[in-house]
Amino acid sequence: MTRSAKLQERIAGGILDAAAAVLGERGDAASMEEVAGAAGVGRATLYRYFPNREELLSAMAAASVEELAARIEEANLEAVPFEEAVARLARAIIATGSKFTALSRDGAKHSDDLPDLDVKVTEPIRALFRRASAEGALRPDLPLDVLMDLFSGLIRGALDATAAGRRGVEESAAAATTLFLYGARAS
């Protein structure tokens, strides 16, 4: 990668980080000018990288998938017992989701543009749940898709609590993990 390309990547990353913070805090009320100011760039630079708000949100969605995929990979879910893997997964999702709270408002709209989402994020989670089922760590009377939906619901609730400032990332992740494990464990 050339020096110029590295600089452009760093600037784009800084803009996305600033946008995540500003849009997460102020939502739709945040202007592109506020995003540029938080990123330490001029409006012209912001618009060179992201010509409009929709492209900025799409780039944020892609960045969130990349960050979550990296966190899931680092969590090494396949190498630890299911209970620890669920805890690591919950922390990864909630930490990433907390950074990109602006996407929770209309993130589903941008998820269609993310071909890596299934391969890099959803499939490792499915693999974890399949493994746990095969090991007898999950209730056999609940299909895997139901268990994944229930886990997702707990994560959504934990993200809402974190976004509202009622709980921190660690506390929310621990609560979601505990509720899921004690409600879904095989007896």
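Visitor: Where is Asn76 found?
Guide: This is a predicted model, so everything here is computed from it. To place Asn76, look at the stretch that links two helices: Asn76 sits in the loop between α4 and α5.

Visitor: Is Asn76 buried, partly exposed or exposed?
Guide: Buried means under 20% relative accessible area, and exposed means over 50%. Asn76 has a relative accessible area of 32%, so the right label for Asn76 is partly exposed.

Visitor: What is the phi of Asn76 near?
Guide: Most residues other than glycine have a negative phi. Asn76 is a residue other than glycine, yet its phi is positive, near 50°.

Visitor: Let's zoom out. How many helices and strands does the protein have?
Guide: Reading along the sequence gives the pattern α-α-α-α-α-α-α-α-α. The count is nine helices and zero strands.

Visitor: What percentage of the residues in the protein are buried?
Guide: The C-alpha atoms fill a box of roughly 60 × 40 × 25 Å along the principal axes. The protein has 187 residues, and the buried share of them is 37%.

Visitor: Back to the helices on either side of that loop. How is α4 oriented relative to α5?
Guide: The two pack with their axes 9 Å apart, at an angle of about 160°. Angles over 145 degrees count as roughly antiparallel, so α4 and α5 are roughly antiparallel.

Visitor: How many charged residues are in the contact of α4 with α5?
Guide: On the α4 side, the contact has Ser64, Glu67, Leu68, Arg71, Ile72 and Ala75. On the α5 side, it has Arg88, Leu89, Ala92, Ile93, Ala95, Thr96 and Lys99. By class, seven are nonpolar and two are polar, while the charged ones number four.

Visitor: Is Glu67 buried or exposed?
Guide: Glu67 lies in helix α4, which covers residues 53–75. Leaving aside neighbours within four places in sequence, Glu67 is in contact with Thr96, Lys99 and Phe100. The relative accessibility of Glu67 is 18%, and the cut-off is under 20%, so Glu67 counts as buried.

Visitor: How far apart are the end C-alpha atoms of α5?
Guide: Helix α5 runs over residues 82–99. Its 18 residues, at 1.5 Å a residue, should span 26 Å. The model agrees with that, because the end C-alpha atoms are apart by 26 Å.

Visitor: How is α5 oriented relative to α8?
Guide: Helix α8 covers residues 144–163, and its axis is 10 Å from that of α5, at an angle of about 45°. That angle makes α5, relative to α8, oblique.

Visitor: How many nonpolar residues does the contact of α5 with α8 have?
Guide: From α5 come Val86, Leu89, Ala90, Ile93, Ile94, Gly97 and Ser98, and they meet Phe151, Ile155, Ala158, Leu159 and Thr162 of α8. By class, there are no charged residues and three polar ones, and the nonpolar count is nine.

Visitor: Which helix does Ser172 lie in, and is Ser172 buried or exposed?
Guide: Ser172 lies in helix α9, residues 169–184. Beyond its neighbours within four places in sequence, Ser172 is in contact with Ile94, Ala158, Ala161, Thr162 and Arg167. Its relative accessibility is 2%, so Ser172, in α9, counts as buried.

Visitor: What about the start of the chain: which handedness does the crossing of α1 and α2 have?
Guide: The axes of α1 and helix α2 (residues 32–39) come within 8 Å and cross at roughly 125°. That makes α1 oblique to α2. As for handedness, the crossing of α1 past α2 is right-handed.

Visitor: How far apart in space are Leu16 and Phe100?
Guide: Leu16 is in helix α1, residues 3–26, and counts as buried at 12% relative accessibility. Its contacts, leaving aside neighbours within four places in sequence, are with Phe50, Leu56, Ala59, Met60 and Ala63. Leu16 and Phe100 are 84 residues apart in sequence, but in space their C-alpha to C-alpha distance is 9.7 Å.

Terms used
Residues numbered from 1 in each chain as written. Predicted model: local features only at pLDDT ≥ 70, side-chain atom pairs only at ≥ 80, totals over all residues. Heavy atoms only, no water. Axes fitted to C-alpha atoms, helices over the stretch in contact; angles between N-to-C directions. Helix = DSSP H or I, 4+ residues; strand = E, 2+ residues; numbered from the N terminus. Parallel < 35°, antiparallel > 145°, perpendicular 65-115°, else oblique. Contact = heavy atoms within 4.5 Å. Nonpolar A, V, L, I, M, F, W, Y, C, P; charged D, E, K, R; others polar. Expected span 1.5 Å × (residues − 1). Buried < 20%, exposed > 50% of the residue type's maximum accessible area, 1.4 Å probe, protein only. Left-handed = near helix turned anticlockwise from the far one by under 90°.
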